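Please look over the structure shown here before reading on. The report takes up its overall division, one of its pockets and a handful of individual residues.

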Amino acid sequence: MMASKPRYRLLLRLWPYLRPYWPWLVAGGAMALAVSSAEGFIAWLVKPAMDDIFLKRDLFMLKVLPLILLGAYLVKGFARYGQSYLMAAVGERVIARIRRELYSHIQGMSLSFYAQVHSAELMTRVVNDVNRLARLSSTVLVMAVRQMGTVLALLTVMFMREWVLALIAVTIFPAVGVLFRTIGRKLYKIGKRSQEKMSELNVVLQEAFTGNKIVKAFGRERLQQERFDGVNDRLMRLALKDHRVDELAEPLMEILGAIGIMGAIWYGGYRVISGALTPGEFFSFTTAVILLYGPVRQLGRMMNTIQQSISSVERVFDILDTPPTISDKAGAVTLQDFRDRIGFEAVSFRYPESEDDVLSDITLTVRKGEMVAFVGMSGAGKTTLMDLVPRFHDVKSGRITLDGRDVRDVSVASLRALMGIVTQETFLFADTIAYNIGYGRPGATQAQIEHAARLAQAHDFIAALPEGYGTPVGERGVKLSGGQRQRIAIARAFLKDPPVLILDEATSDLDAESEFLVQQALGELMKNRTVLVIAHRLATVKHADRVVVVHDGRLAEVGTHDQLMTREDGIYRRLAQLQSLDALSTN
Ligand SMILES: Nc1ncnc2c1ncn2[C@@H]1O[C@H](COP(=O)(O)OP(=O)(O)O)[C@@H](O)[C@H]1O
Ligand SMILES: [Mg+2]
């Protein structure tokens, strides 16, 4: 009992979503009550039918009663149709809204959230869990009022016909209550575990499919198959368990019902034989009892569905309740342009799950138009530092400023609008080349797209493709080579034409020719912009106005290439002496 209370309270969280539809709910509720009343009325009609037509042989009643009965069924049929559709329509709208909110909430989460939760897990919540919610809404909204109303109406008829008999029949109710509580608890647990397993299955699938090249290269198909089978098998066993418990409810209830009816017939039959009850009254009563079975069974189903789905409600609100860490604060200023400088002021940062600071006490000013190269060993914190500028994460202490304004005081959209980012892992959408280049500038013309592609040294290879700019690139751009992908990503940044450019320059996995082209494209892109570049190549570093050496999360050295080379035991000198910076730092 203790455990079940807060669980039901979760359902109340759905109320704000339902509230705007209150007129629909009221109308649907009214129609549900019409269905219930018609049902009760039909049971009630059995007595006059029996007593007046069959016993008294009343010809008038013979003509009228069947018409009345038809009328009752007509009312019931139309009201039921209207109610079902109305409630289902409310349910679907609510579900669509929750799905939308979930998506936009997840979209607003910071990069660290995505680092913590697997994308397949998120997809499971948006798709599978919300589907379970849909099932919940369609059963509860459609069933609850109608079936409860029907139960009440039929009980009324039973008590009107013969209250002692009715009392005997309802003695089974407490037993039914206990039955559903026990079954419900089991179903809740099973539901929770199967949704967790469903997420796991999606994770296994997504990794096996996107990583299929590695799976093949390492010959681990067996292992993947075993992982899949493991989860799949557990899912099946949970589903079987769910069926065993779920299906138990009905036969058990039927048996309990039979016990009630048995008692009623014993007592009622005795009363009819002794003449205290007319056969009509008795059959009217029995009809009500038999009609009662349907709605009680449906209510039982509904309880089971609630229990099966409640963990999905939990999982959905779990995400909606996680506050987005990066969002505009009240009164955030919209940045119009970048005029003067980017400042890092005693910046420290750590990831949510890391123990030590990944960056500490970083102070640096980058003037407009400057090109600053960040070098350092892999894991030094270069990428993390770059991620702080467009607020993919927020600093732990200190601040980052743009023209003297804390980046947390400006609107995220206007901040990011000023920045172009080209990372080492290019991401392309499964669409055409033109779509991918035009991504950052809605409404870009074909001419603008082509111009950007030329600047990025990408036009020639694109034009040589059979479908040119209309060529689909495949998932994440798999149909293109690494160098081609990178040049498309550079063209995308060209088209956005941002004043500030952040480059995580990666050319390590490119062949010499691609690297040359990418370098040319990058060189072109860097012109007349403020550039923060994580440099892996000496050539880039030499071009930079200043070089910043990041070591162990701190700024170890700052200066021009020549200045830093004069430091006898400087880190930079040591890095440069290894000739190729590529070898040292590939990420
Ligand atoms: N999402 C993350 N969560 C926790 N730790 C991270 C995360 N991303 C990077 N790190 C850690 O932060 C440190 C700096 O990483 P990074 O900035 O990528 O280094 P670099 O780009 O200089 O190679 C590394 O020790 C890395 O393990
Ligand atoms: Mg990096």
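What follows is a report on a predicted model, arranged by topic.

## Domains

The protein is divided into two parts, domain 1 covering 10-320 and domain 2 made up of 370-383 together with 415-584. Between the C-alpha centres of domain 1 and domain 2 the distance is 57 Å.

## The second largest pocket

The second largest pocket holds about 670 Å³ of space, and among the 34 residues that line this pocket, those closest to its centre are Phe173, Val176, Phe180, Met253 and Val296. Sorted by class, the lining of the second largest pocket consists of 23 nonpolar, 7 polar and 4 charged residues.

Several helices share in this lining: α1 (4-12), α6 (119-161), α7 (163-170), α8 (173-210), α10 (221-273) and α11 (279-320) each contribute at least two residues to the second largest pocket. The most comes from α11, which supplies 10 residues of the lining.

## Glutamine 225 and helix α10

Helix α10, one of the contributors to the lining of the second largest pocket, also contains glutamine 225. Glutamine 225 counts as partly exposed because its relative accessibility is 44%, a value that falls between the limits of 20% for buried and 50% for exposed. The C-alpha atom of glutamine 225 is separated by 64 Å from that of glycine 268, a residue 43 places away along the chain.

## Two buried loop residues

Histidine 393 is found in the loop that runs between α12 (382-388) and β4 (397-402). Histidine 393 is classed as buried because its relative accessible area is 5%, which is under the 20% limit for that class. The side chain of histidine 393 makes a polar contact, at 3.2 Å, with the side chain of serine 112. When residues up to four places away in sequence are not counted, histidine 393 touches Leu111, Ser112, Ile326, Phe349, Tyr351, Asp387 and Leu388, so that Ser112 appears both as a polar partner and in the list of contacts.

Threonine 471 lies in the loop between α16 (459-464) and α17 (482-496), and with a relative accessibility of 12% threonine 471 likewise counts as buried. The side chain of threonine 471 reaches the backbone oxygen of glycine 468 at 2.6 Å. Leaving aside neighbours within four places in sequence, the contacts of threonine 471 are with Asp431, Thr432, Ile433 and Leu465.

## Two residues with positive phi

Aspartate 497 is not a glycine, yet its phi is positive, at about 55 degrees. The residue sits in the loop between α17 and β7 (500-504). How far is aspartate 497 exposed? With a relative accessible area of 47%, aspartate 497 is partly exposed, because the exposed class requires a value over 50%.

Asparagine 528, also a residue other than glycine, has a positive phi near 60 degrees, and its place is in the loop between α18 (512-526) and β8 (530-534). Asparagine 528 has a relative accessible area of 82% and is therefore classed as exposed, since that figure is over the 50% limit.

Terms used:
Residues are numbered from 1 along each chain as its sequence is written. Chains are lettered from A and ligands numbered from 1 in the order in which they are written. This is a predicted model: local features need pLDDT of at least 70, side-chain atom pairs count only at pLDDT 80 or more; totals for chains, interfaces and linings use all residues. Side-chain values use heavy atoms; hydrogens and water are left out. Domain bounds come from an automatic or database domain assignment. Helices (H or I, at least four residues) and strands (E, at least two) are DSSP runs, numbered from the N terminus. Buried means under 20% relative accessible area, exposed over 50%, partly exposed in between (1.4 Å probe, protein chains only). A polar contact is a pair of N or O atoms within 3.5 Å; within protein, one must be able to donate a hydrogen and the other to accept it, and residues adjacent in sequence count only if both atoms are side-chain atoms. Contact means heavy atoms within 4.5 Å. On a 1 Å grid over the protein atoms alone, a cavity is a set of points where a 1.4 Å probe fits but cannot get out, and a pocket is an open set with protein on both sides within 12 Å along at least five of seven lines; lining residues have an atom within 4 Å of a point. Grid points are joined across faces, edges and corners, and a volume is the space filled by probe spheres set on the points. Ala, Val, Leu, Ile, Met, Phe, Trp, Tyr, Cys and Pro count as nonpolar, Asp, Glu, Lys and Arg as charged, and the others, Gly among them, as polar.
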